[in-house]
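Notebook open, viewer loaded. I want to jot down what I look up as I go, one topic per entry.

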Amino acid sequence: MILPRNFYTRDDVVLIARELLGKTLYSSINGILTSGLITETEAYAGVTDRASHAFNGRRTSRTEVMFMAGGTAYVYLCYGVHSLFNVVTSFEGTPNAVLIRSVKPMEGLEAMKCRNGKTSMGLREGTGPGKVSKILGIHYSHSGWPLVHEKGRPSGDGLWIEDVGIVPDPALIIAGPRIGVDYAGDDALLPYRFRISL
DNA sequence: CGGCCGATCCACT
DNA sequence: GTGGATCGGCCGA
C-alpha cells in the first residue's frame, strides 16, 4: 500500500521518522524501478530546530519545498557531491522533514549496481544518505516531487513509499543523536535519529 | 559579487 | 584515522 497523504500530514515529525522504519522507498527513474527498505531516519523539526535548513522560518528557493504539504520529496545537494533525500511532513507552511539515512536494497539490484559501479549489492551499499540517493537514482533536481499517488503506482517516473506490512520490534529500534549537525548547539543532542539494529 | 561552508563518501595511510 | 573532492546555497558587503 502506498502511504497516503494523512500519513505525512501530522505534526509529530519525530514519530513519523520512527514509523518510517520498515517502510519501503520506491523510485521509478527513467523507467527503472528500484526500492529499498528504510532502516535509518532522522527527524528535522522545522523552525525550532537549529539543525534544520528551515530553522527560524528561513525561506529560500531551496527550502521552499520544506514548506509544502507533507508527502513531498525534499532533495538537496550536500558537499557539492551528494543528493540527500528527505520526506516533507506536517501541513503546508510547517517545514518539517525526515532524512532517509539508510535503506536495505530490495528491488532492481542490477540497476543499483550499475548506478554506483559496484559488482555486488548488500546492506553496505544502502548505508548512508548519499548512497541511498545514488542507488535509487534520486537527484536534487527531483526536489518537490510528490510522494503521494492516489491512483496507485505512477505510470511514469516518480517517487513513493509503501507499507509492506513490516513492523519493527520496538525493542530493536535504537534512538540517538543525529549525525553531522554539531553546528546546531544543544539541538545536536536531541535523540532524533532512529535505526533498526541488525 | 566574493568567500565560506556543508544533514558525505571514498581512497589512502 | 584522515583529508580531498566539489559546487550550490547563503550571507555579508
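Ground rules first: helices (H or I, at least four residues) and strands (E, at least two) are DSSP runs, numbered from the N terminus. The model is predicted, so I keep to its cut-offs: local features need pLDDT of at least 70, side-chain atom pairs count only at pLDDT 80 or more, and totals for chains, interfaces and linings use all residues. Residues are numbered from 1 along each chain as its sequence is written, chains are lettered from A and ligands numbered from 1 in the order in which they are written, and side-chain values use heavy atoms, with hydrogens and water left out.

**Entry 1: Ser27**

I started with Ser27, which is found in strand 1 (residues 24–29). Buried or exposed, I asked of Ser27? Ser27 counts as buried because its relative accessibility is 0%; the scale is under 20% relative accessible area for buried, over 50% for exposed and partly exposed in between, with a 1.4 Å probe and protein chains only.

Next I looked for its polar contacts (pairs of N or O atoms within 3.5 Å; within protein, one must be able to donate a hydrogen and the other to accept it, and residues adjacent in sequence count only if both atoms are side-chain atoms). The side chain of Ser27 makes one with the side chain of Thr34 at 2.6 Å. The Ser27 side chain also reaches the backbone oxygen of Leu136, at 2.7 Å. For plain contact I use heavy atoms within 4.5 Å. Not counting residues up to four places away in sequence, Ser27 touches residues including Ile32, Arg115, Gly158 and Leu159.

**Entry 2: Asn96**

Asn96 has its place in strand 5 (residues 96–105). With 8% relative accessibility, Asn96 counts as buried. I find its side chain 3.2 Å from the backbone nitrogen of Gly46. Leaving aside neighbours within four places in sequence, the contacts of Asn96 include Asp11, Tyr44, Met66 and Val87.

**Entry 3: helices 3 and 4**

Two packed helices are described by the angle between their axes and the distance between the axes. Helix 3 (residues 109–116) and helix 4 (residues 129–136) pack at about 115°, with axes 7 Å apart. The axes are lines fitted to C-alpha atoms, for helices over the stretch in contact, and angles run from 0 to 180 degrees between N-to-C directions.

Which residues meet here? From helix 3 I get Met112, Arg115 and Asn116, and from helix 4 Lys134, Ile135 and Leu136. Ala111, Met112, Lys113 and Asn116 are buried in helix 3, and their cover includes strand 2 (32–44), strand 5 and helix 4. Just after helix 3, Gly117 has a positive phi of about 70°.

**Entry 4: nonpolar cores**

A nonpolar core here is a set of buried Ala, Val, Leu, Ile, Met, Phe, Trp, Tyr and Cys residues joined through side-chain atoms within 4.5 Å. The largest one has 34 residues, and Leu20, Phe85, Val87 and Ile100 have the most contacts inside it. A second, separate core of 16 residues includes Ala54, Val65, Phe67 and Ala184.

**Entry 5: DNA strand B**

For the DNA, "near" means a residue with a heavy atom within 4 Å of the strand. Of the 20 residues around DNA strand B, Tyr76, Tyr79, Asn86, Gly130 and Tyr183 come nearest. Sugar or phosphate makes up 47% of the strand B atoms within 4 Å of the protein, and bases the rest.

I checked the polar contacts too. An N or O atom in the Asn86 side chain is 2.4 Å from a base nitrogen of DNA strand B. A backbone N or O atom of Gly80 lies 3.4 Å from a base nitrogen of that strand, while a polar backbone atom of Lys131 is 3.3 Å from a phosphate oxygen.

**Entry 6: DNA strand C**

The residues around DNA strand C include Arg58, Thr63, Leu77, Val81 and Tyr140. Here sugar and phosphate account for 83% of the strand's atoms within 4 Å of the protein. The Thr60 side chain has an N or O atom 2.8 Å from a phosphate oxygen of strand C, and a polar side-chain atom of Arg62 lies 3.1 Å from a phosphate oxygen of strand C. A polar backbone atom of Tyr79 is 2.4 Å from a base oxygen of DNA strand C.

**Entry 7: Asp186**

Last stop: Asp186, in the loop between strand 7 (173–176) and strand 8 (193–196). Asp186 is exposed, at 66% relative accessible area.
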